[in-house]
Amino acid sequence: MAAMATSALTSKPQTRFLDHCFNGIPLISRVSTSRSLSYAHSPRLSISASASSSSDLNSYRFEPIKESIVAREMTRRYMTDMISYADTDVVVVGAGSAGLSCAYELSKDPSVSVAIVEQSVSPGGGAWLGGQLFSAMLVRKPAHHFLDELQTPYDEQETYVVIKHAALFTSTILSRPPRPSQCQASFNAVAAEDLIVKEGRVSGVVTNWALVSMNHDTQSCMDPNVMEAKVVVSSCGHDGPFGATGVKRLKSIGLIDSVPGMKALDMNKAEDAIVRLTREIVPGMIVTGMEVAEIDGAPRMGPTFGAMMISGKKAAHLALKALGRPNALDGSLPADSLRPELVLAADDAEVAEA
């Protein structure tokens with residue numbers, strides 16, 4: 001995880017980019033201070049700043065603020081993001097381990113704008129815990145190279161590694177994009193209720209507050225909002241109340257023939273199959289993570305997470321390919337920039353025809 005930060009505070013107003021953009025064009029804001037952060041792998045966080053603070057916790061006092069300022073800051077930033085990402089390059093639906101890995105990989109290309117839609121109040125999905133609500137997260141090799149990139153600590157065994165607490169992975173991938181992305185935003189407590197489809201191509205998602213989506217039967221009509229996108233990455237997980245919603249909707253509108261559901265657990269077949277079958281399932285829509293098993297009838301994998309991470313990374317490169325950007329799938333990405341975990345699984349698993 002990021003562990004050392006050095007702050008440089010200046011008294012003169014400086015220009016910086018906000019964390020959002022209109023169609024890839026960063027917005028400029030005048031701010032009174034500019035904070036520069038540098039990260040290094042260290043067990044402690046050190047912040048140096050010119051401002052002094054009292055060490056007496058009994059007399060600690062915060063700076064005064066008007067309540068309306070808090071309301072304006074939250075509203076302005078969220079609504080600006082909604083305006084910015086009404087039309088974006090990629091929408092990632094579902095911020096579990098596959099969706100977050102996809103967004104992380106996409107953030108390496110600063111020209112690609114990404115909106116992450118998550119129906120829960122917080123990102124992470126099932127990646128905050130291991131199996132049966134236990135803490136540890138197991139990752140089979142060679143996916144541990146991705147953990148090395150993130151600098152996530154683990155206990156190494158011969159063929160796998162174990163992260164002491166799954167939250168170490170999830171908190172790290174949320175806090176340490178490879179570069180500060182000016183064109184990426186996350187929308188929590190937002191459900192993708194439907195897809196935008198034009199001439200057989202998925203062109204975005206129909207959104208609403210998750211609590212509204214859960215109460216359509218209890219209230220009068222509550223119309224949704226939309227996000228247009230060149231590519232939609234569906235990482236909605238396995239079947240459930242909000243699971244596999246992307247592929248289930250494709251079936252209901254006739255773009256795919258069936259959603260057979262995942263087969264019984266087989267870790268050795270499942271993880272290879274999930275990565276190998278991560279693909280653009282219909283024009284404009286890529287399926288990743290456990291949602292792949294639902295559409296292909298692949299086995300479930302249980303509490304092992306490597307395939308989720310690498311499936312998400314593969315989905316990112318499929319999206320980059322669709323956007324005409326350098327990627328790991330068609331040789332357009334320089335060989336020295338390829339990570340070892342991007343060696344894709346062999347085509348030898350028994351799965352149903354998509």
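1. In this predicted model, strand 4 (residues 114-118) is mostly covered, since 5 of its 5 residues are buried. Val114, Ile116 and Glu118 point one way from the strand, while Ala115 and Val117 point the other way, and the residues on both sides are all buried. In a regular strand the side chains alternate between the two faces of the sheet.

2. The partners of strand 4 deserve a look alongside its burial. Strand 3 (residues 87-93) pairs with strand 4 in the parallel sense over 4 bridges, and within this pairing the bridge partner of Val91 in strand 4 is Ala115. Strand 8 (residues 184-188) also runs parallel to strand 4, to which 5 bridges join it, and here the bridge partner of Ala115 in strand 8 is Ala185. Ala115 therefore has a bridge partner in strand 3, namely Val91, and another in strand 8, namely Ala185, while its own position is among the buried ones of strand 4.

3. The connection between strand 3 and strand 4 involves helix 2 (residues 97-106), and the three elements together make a right-handed β-α-β unit.

4. Of the 71 residues in the largest nonpolar core, those that touch the most other members are Val90, Leu106, Met137, Val139, Phe169 and Met309. Helix 9 (residues 306-322) gives the most to this core, with 9 residues.

5. For Val139, leaving aside neighbours within four places in sequence, the contacts are His144, Leu147, Tyr160, Val161, Ile163, Phe305, Gly306 and Met309. Met309 thus appears both in this contact list and, like Val139, among the core residues that touch the most other members.

6. Helix 7 (residues 267-277) has as its buried residues Ala270, Glu271, Ala273, Ile274, Val275, Arg276 and Leu277, a list in which Glu271 and Arg276 stand beside Ala270 and Val275. What covers these buried residues includes strand 5 (137-140), strand 12 (279-282), helix 8 (291-296) and helix 9.

7. Helix 1 (residues 67-84) can be checked for regularity through its length: at 1.5 Å a residue its 18 residues should span 26 Å, and because its end C-alpha atoms are 26 Å apart, the expectation and the model agree. In this helix Thr80, Asp81 and Ser84 are buried. They cover an arc of only 100° around the axis, so they lie on the same side of helix 1. The face turned away from that buried side carries the exposed residues Glu67, Met74 and Ile83.

Definitions and conventions:
Residues are numbered from 1 along each chain as its sequence is written. This is a predicted model: local features need pLDDT of at least 70, side-chain atom pairs count only at pLDDT 80 or more; totals for chains, interfaces and linings use all residues. Side-chain values use heavy atoms; hydrogens and water are left out. Helices (H or I, at least four residues) and strands (E, at least two) are DSSP runs, numbered from the N terminus. The expected span of a helix is 1.5 Å times one less than its number of residues. Buried means under 20% relative accessible area, exposed over 50%, partly exposed in between (1.4 Å probe, protein chains only). The arc is that of the directions from the helix axis to the C-beta atoms. A nonpolar core is a set of buried Ala, Val, Leu, Ile, Met, Phe, Trp, Tyr and Cys residues joined through side-chain atoms within 4.5 Å. Contact means heavy atoms within 4.5 Å. Two strands pair if DSSP finds at least two bridges between them. A crossover is right-handed if, with the strands pointing away from the viewer, the path from the first strand over the helix to the second runs clockwise.
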